[in-house]
Amino acid sequence: MSSAQPLLAARGVGRRFGQTTALEPVELEVREGDGVALAGPNGAGKSTLLALLAGALETSVGRIERRKGVKVGWAPQRPAQYGRLSARENLELFARLESEPDPEEAAARLLAEFDLPTKRSPSANLSVGNRQRLNLAIAFLGKPDVLLLDEPTAALDPEQRRRLWERVGALREAGGALVLATQNLEEIERHASHVAALRDGRVVFSGPADEYDRTQADTLFA
């Protein structure tokens, strides 16, 4: 393993909501080219860990470290967009928040790349699949170095899945990284270099993806 500072790291990071512990302290490093899969059943703590890594939640214990200059793109499980705004208007708004030099051009490019409708109708009226594609397009704004994707393919058709993984692969080849929350073992086998498996807010397995097999997955979801 490289001794260089990781792009993103969780150092003993945990999260409580009142008296409920959603995530026990976790250690995780994300390095250039990595594909880190967060595996586990619903309620395991995967989404909480992603939100902590994204900076959308404050840690209860521990800290998140981000290499200087590293940008993070986050697609939460529930699409984070403004329902009264169109797909284009959402992208232009988030492009400005990500300091894109030309928000209109960035929005137009991602509308085309993700096959999103160009009509000015509210995004609340979009299909489930189109809302997810908009969610993912927003994550790609600002040229992120690390993508945090929470069950990203659940509402995508096969062609959109293929195109998403092509984009993710290009980002990793360029020195970026992926952290993926998924219950899909095939996605883990194809796109992960490392697996952190969670159950009831605890990490129960952490290691190379080729050491995480179907037997362990079956036990995790039992």
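# Exercises on a predicted protein chain

The protein chain has 7 helices and 9 strands. Helices (H or I, at least four residues) and strands (E, at least two) are DSSP runs, numbered from the N terminus. The model is predicted: local features need pLDDT of at least 70, side-chain atom pairs count only at pLDDT 80 or more, and totals for chains, interfaces and linings use all residues. Residues are numbered from 1 along each chain as its sequence is written, and side-chain values use heavy atoms, with hydrogens and water left out.

## Exercise 1: Confidence

Find the mean pLDDT of the protein chain, then the elements with the lowest and highest mean.

**Solution.**
- Step 1. pLDDT is the predictor's confidence in each residue, from 0 to 100.
- Step 2. The protein chain averages 93, and 95% of the residues score at least 70.
- Step 3. Helix H7 (residues 214-220) has the lowest mean among the elements, 61. Strand S6 (residues 146-150) has the highest, 98.

## Exercise 2: Overall form

Compare the radius of gyration of the protein chain with that of a compact globule.

**Solution.**
- Step 1. The radius is taken over C-alpha atoms, and the globule rule is 2.2 Å times the number of residues to the power 0.38.
- Step 2. For 222 residues, the rule gives a value near 17 Å.
- Step 3. The protein chain has 17 Å, which agrees.
- Step 4. Now take the box. Along the principal axes, the C-alpha atoms fill roughly 45 × 40 × 35 Å.
- Step 5. Turn to contacts (heavy atoms within 4.5 Å). Of those with a separation of 6 or more, 64% join residues 24 or more positions apart.

## Exercise 3: Val179 in strand S7

Is Val179 buried or exposed, and which residues does Val179 touch?

**Solution.**
- Step 1. Locate Val179: it lies in strand S7 (residues 177-182).
- Step 2. Recall the cut-offs. Buried means under 20% relative accessible area, exposed over 50%, partly exposed in between (1.4 Å probe, protein chains only).
- Step 3. Val179 has a relative accessible area of 0%, so Val179 is buried. Across the protein chain, buried residues make up 50% of the 222.
- Step 4. List the contacts, not counting residues up to four places away in sequence. Val179 touches Val30, Val36, Leu38, Leu50, Leu53, Val146, Leu147, Leu148 and Leu149.
- Step 5. Check one distance. Val179 and Ala37 are 142 residues apart in sequence, with their C-alpha atoms 5.8 Å apart in space.

## Exercise 4: The loop before H2

Place Pro79 and Ala80, classify them, and list their contacts.

**Solution.**
- Step 1. Ala80 sits in the loop between strand S5 (72-75) and helix H2 (87-97). Pro79 is in the loop between S5 and H2.
- Step 2. Pro79 has 35% relative accessible area, so Pro79 is partly exposed. Ala80 has 39%, so Ala80 is partly exposed.
- Step 3. Leave aside neighbours within four places in sequence. Pro79 is in contact with Arg131, Gln132 and Asn135. Ala80 touches Phe94, Asn135 and Ile138.
- Step 4. Check the distances. Pro79 and Ala107 are 28 residues apart along the chain, and their C-alpha atoms are separated by 17 Å. Ala80 and Asn90 are 10 residues apart in sequence and 9.8 Å apart in space, C-alpha to C-alpha.

## Exercise 5: Helix H2

Which residues of H2 are buried, and what do they pack against?

**Solution.**
- Step 1. The buried residues are Ala87, Arg88, Asn90, Leu91, Glu92, Phe94 and Ala95.
- Step 2. They pack against helix H3 (103-113) and helix H4 (128-139).
- Step 3. An α-helix has 3.6 residues a turn, so residues three or four places apart point the same way.

## Exercise 6: Positive phi

What is the phi of Lys143, and what is the phi of Glu151?

**Solution.**
- Step 1. Most residues other than glycine have a negative phi.
- Step 2. Lys143 has a positive phi near 50 degrees. Glu151 has a positive phi of about 50 degrees and is not a glycine.
- Step 3. Lys143 is found in the loop between H4 and S6. Glu151 is in the loop between S6 and helix H5 (158-173).
- Step 4. Lys143 has a relative accessible area of 69%, so Lys143 is exposed. Glu151 has 18%, so Glu151 is buried.
- Step 5. Add Ser99, just after H2: its phi is positive, about 60 degrees.
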